[in-house]
Amino acid sequence: MQISLPFSTSKVPYLSPLPNPTPQPPLTIPKPHPKSSITAHSSRPKGPGYLSLIGRAIEEEEEYRKARAEVARNGVDLEGYSIEGISIGGHETCVIIPELKSAFDIGRCPSRAIQQNFLFITHAHLDHIGGLPMYVATRGLYNLKPPTIFVPPCIKEDVEKLFDIHRALSQVELKLDLVALDVGETYEMRNNLVVRPFKTHHVIPSQGYVIYSVRKKLKKQYIHLKGKQIEKLKNSGIEITDTILSPEVAFTGDTRSDFMLEPRNADALRAKVLITEATFLDDGISIDHAREHGHTHLFEVCEMLNL
């Protein structure tokens, strides 16, 4: 008997502005004294320090879930594009542009992202790539066509291994088109859209993406011609148009503000919509700290924009 489940198209939460993350010391479990011994069958209760560490981890996860539930569920409309998604520092980042059938990074695979045919991965930190196998598997579950996933070339082999592991574990076929797209290369998404990566500056290899609209414009030397003359030239095989690329949407992922100073990143800065990060929002965290960890401070953005 076949059971058909309806696919929910509800929007994922959208967070704006991002919360200012409170730095937390890393969780470390104290190592036992060299002379002590621990056995798998020991009935000795764990010490209070161990339990407090576990308790704190549970509390932090609960705080994340509350923050995720409280964010506004409506996206924002900019320059003709609906921008949806969620970004909570260290937990999850996924930004969705439904008009382009595209998602940037996948976070924990929010449900709205599953409907997007194109996925652009900026780097391999888990809060940006962790939901990747679930994204592909869920599209297969709902008989959606295999997605096209773009990754920096340096991580393609590892991403392929990741999918091989999940195929072996779950014994299911995970279908996708994995594209290693390098900075400066161009990929045609459809006849009127192309994408190009650009250089960003994080603590691990990373890149942003610019999606361009494509249109044809009659070359200047043929503007004075009449319709039949233009048609005759076209039928003879002469190229009568120039291809015009217009940057529509750019997404940086995690990066230091240095990407704004790269001359080759000019298209990202002049895109109709530029989606970038500002992980730290006030003087509770210094600009130097943000830069050390490969992030941008809001104060840097304000300074560059003379705000």
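This passage walks through two sheets and a pair of helices in a predicted model.

We can begin with the sheet of seven strands. It is an open sheet with the strands in the order S1-S2-S3-S4-S5-S6-S7, and its pairing is mixed. Its edges are formed by strand S1, residues 76-78, and strand S7, residues 177-180, each of which pairs on one side only. On average, neighbouring strands in this sheet are turned by 25° against each other, with direction ignored. At the S1 edge, the partner is strand S2, made of residues 81-88; S1 and S2 run antiparallel and are joined by three bridges. To find this pairing in the structure, look for Asp77, which stands opposite Ser82 in S2.

A helix also belongs to this picture. Helix H4, residues 156-170, packs on the seven-stranded sheet and touches both strand S6, residues 148-151, and S7. The direction of H4 makes about 160° with that of S7. H4 has 15 residues, and the distance from its first C-alpha to its last is 21 Å, close to the 21 Å expected at 1.5 Å a residue. Just after the helix comes Gln171, which takes a positive phi of about 55°.

H4 has a helical neighbour as well. Two packed helices are described by the angle between their axes and the distance between the axes. For helix H3, residues 132-141, and H4, the axes come within 10 Å and cross at roughly 60°. H3 and H4 are therefore oblique to each other, and H3 passes H4 in a right-handed crossing. Which residues make the contact between H3 and H4? From H3 come Leu132, Pro133 and Val136, while H4 provides Val159, Leu162, Phe163 and His166. Sorted by character, the residues of this contact comprise six nonpolar, one polar and no charged. The spacing of such positions is easier to follow with the geometry of a helix in mind. An α-helix has 3.6 residues a turn, so residues three or four places apart point the same way.

The other sheet described here has five strands. It too is open, with the order S8-S9-S10-S11-S12 and mixed pairing. Strand S8, residues 187-190, and strand S12, residues 273-275, stand at the edges with a single partner strand each, so one side of each is left without a neighbour in the sheet. Here neighbouring strands are turned by 35° against each other on average, direction ignored.

Two pairings in this five-stranded sheet can be traced residue by residue. S8 runs antiparallel to strand S9, residues 193-199, and three bridges join them. Tyr187 stands opposite Val195 in S9, and the link from S8 to S9 is a hairpin of two residues. Further along the order, strand S10, residues 207-218, and strand S11, residues 241-251, also run antiparallel, and they are joined by ten bridges. In that pairing Ser213 is found opposite Ser246 in S11.

Definitions and conventions
Residues numbered from 1 in each chain as written. Predicted model: local features only at pLDDT ≥ 70, side-chain atom pairs only at ≥ 80, totals over all residues. Heavy atoms only, no water. Pairing = 2+ DSSP bridges. Helix = DSSP H or I, 4+ residues; strand = E, 2+ residues; numbered from the N terminus. Axes fitted to C-alpha atoms, helices over the stretch in contact; angles between N-to-C directions. Contact = heavy atoms within 4.5 Å. Parallel < 35°, antiparallel > 145°, perpendicular 65-115°, else oblique. Left-handed = near helix turned anticlockwise from the far one by under 90°. Nonpolar A, V, L, I, M, F, W, Y, C, P; charged D, E, K, R; others polar. Expected span 1.5 Å × (residues − 1).
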